[in-house]
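Got the viewer open? Let's take a walk through this model together, picking a few things to select along the way.

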Amino acid sequence: MNSYGINKNVFQLTYRSRAAEGLTTSQIMEIVDEAVGFNNPHDITGCLVFDQGFFIQLLEGEKAIVEQLYTKIKKDKRHFQFEILSKGWTSERQFKSWDMGYISMEDYALGEKAELVSKARKALDTISTKNDFTPKVFWYNIYTLLTASKFYKNL
Ligand SMILES: Cc1cc2nc3c(=O)[nH]c(=O)nc-3n(C[C@H](O)[C@H](O)[C@H](O)COP(=O)(O)O)c2cc1C
């Protein structure tokens with residue numbers, strides 16, 4: 001229990017990175033398969049978004065496992081410029097039933113991209129910074145990547 005009377009027992013971490021030069025869709029699908037294979041039995045949920053060569057991922061679960069996992073992911077040669085955006089505790093998961101949801105804007109039709117933008121917008125409007133700072137940062141980066149890509153291109 002913390003001082004707000006909320007039991008924050010889920011650890012979350014969000015990062016962004018850039019896909020290695022020439023990474024193909026089928027190689028990304030291999031990553032997702034590996035992710036689901038590990039995350040499911042380890043009670044890790046989250047979402048991996050890929051657009052314009054950038055990955056943004058939210059990982060959530062037990063702290064020791066999330067930290068062990070990101071240390072491994074960070075060293076993966078299939079991406080670089082790994083940068084943690086936020087980490088911290090929450091009382092509720094963002095992706096309760098997703099072992100590792102994967103959204104690739106490259107494969108998506110325009111309408112679906114608009115849908116994700118609106119989902120991100122809604123999440124930004126409703127998520128409380130006090131209780132869910134890390135998911136807020138996650139959605140903020142998704143929103144920025146999808147709508148203001150020049151900012152991301154200049155990184
Ligand atoms: C962008 C990205 C996201 C990844 N996400 C996960 C993940 O959520 N869970 C996971 O187990 N592996 C993930 N991986 C793969 C790991 O880096 C690692 O290759 C995989 O877990 C197999 O590791 P091992 O066989 O050496 O234990 C990700 C890799 C990349 C490049």
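How far is an oxygen atom of the ligand from an N or O atom in the side chain of E34? Select the two and check: the distance comes out at 3.1 Å. Keep in mind as you go that you're looking at a predicted model.

**Stop one: the ligand**

Stay with the ligand and add N39 to your selection. A polar side-chain atom of N39 lies 2.8 Å from a nitrogen atom of the ligand. Now bring in R78, where a polar side-chain atom is 3.0 Å from an oxygen atom of the ligand. Next, think about how much of the ligand is covered: on its own it exposes 620 Å², and the protein buries 77% of that.

Switch on a surface view if you like, and look at where the ligand sits: it is in the largest pocket. Which elements give two or more residues to the shell around the ligand? Colour these three to see them: α1 (25-39), β3 (54-61) and α2 (63-74). Of the elements, α1 gives the most to the shell, with 5 residues.

Now select everything around the ligand. You'll have 16 residues, and the ones that come nearest are F38, N39, Q57, D76 and R78. Try colouring the shell by class, too: 9 of its residues are nonpolar, 3 are polar and 4 are charged.

**Stop two: the whole chain**

Zoom out and switch to a cartoon view. The chain has 5 helices and 5 strands. Trace them along the sequence and you'll read the pattern β-α-β-β-α-β-β-α-α-α. If you colour by burial, 46% of the 155 residues in the chain show up as buried.

**Stop three: strand β1 and a partner across the chain**

Select R16, which lies in strand β1 (residues 10-19). Is R16 buried or exposed? R16 counts as buried, because its relative accessibility is 10%, and the cut-off for buried is under 20%. Show side chains here and add N141: the side chains of R16 and N141 make a polar contact at 2.9 Å.

Keep R16 selected and add I84, which has its place in strand β4. The C-alpha atoms of I84 and R16 are 6.6 Å from each other, although the two residues are 68 residues apart along the chain. As for cover, I84 is partly exposed, with a relative accessibility of 31%.

**Stop four: two residues with a positive phi**

A bit of background before you click: most residues other than glycine have a negative phi. With that in mind, select Q52. Its phi is near 50°, a positive value in a residue other than glycine. You'll find Q52 in the loop between β2 (45-51) and β3. Q52 is partly exposed, at a relative accessible area of 29%.

Then jump to Q81, whose phi is near 55°, again a positive value in a residue that isn't glycine. Q81 lies within a strand, β4 (residues 79-90). Its relative accessibility is 47%, so Q81 counts as partly exposed.

**Stop five: two exposed residues and their distant partners**

Move to the loop between α2 and β4 and pick K77. K77 counts as exposed, with 75% relative accessibility. Now select A19 as well and draw a line between the C-alpha atoms: K77 and A19 are 58 residues apart along the chain, and the line spans 9.0 Å.

For the last click, go back to helix α1 and find D33. Is D33 buried or exposed? D33 counts as exposed, since its relative accessibility is 57%. Pair D33 with M100 to finish: the two are 67 residues apart in sequence, and their C-alpha atoms are 9.0 Å apart in space.

Note on methods. Residues numbered from 1 in each chain as written. Predicted model: local features only at pLDDT ≥ 70, side-chain atom pairs only at ≥ 80, totals over all residues. Heavy atoms only, no water. Near = heavy atom within 4 Å. Polar contact = N/O pair within 3.5 Å; in protein donor to acceptor, adjacent residues only side chain to side chain. Areas by Shrake-Rupley, 256 points an atom, 1.4 Å probe, with all protein chains shown as cover. 1 Å grid on protein atoms, 1.4 Å probe; cavity = no way out; pocket = protein on both sides within 12 Å on 5 of 7 lines; lining within 4 Å. Sits in = over half its atoms within 2 Å of the grid points. Helix = DSSP H or I, 4+ residues; strand = E, 2+ residues; numbered from the N terminus. Nonpolar A, V, L, I, M, F, W, Y, C, P; charged D, E, K, R; others polar. Buried < 20%, exposed > 50% of the residue type's maximum accessible area, 1.4 Å probe, protein only.
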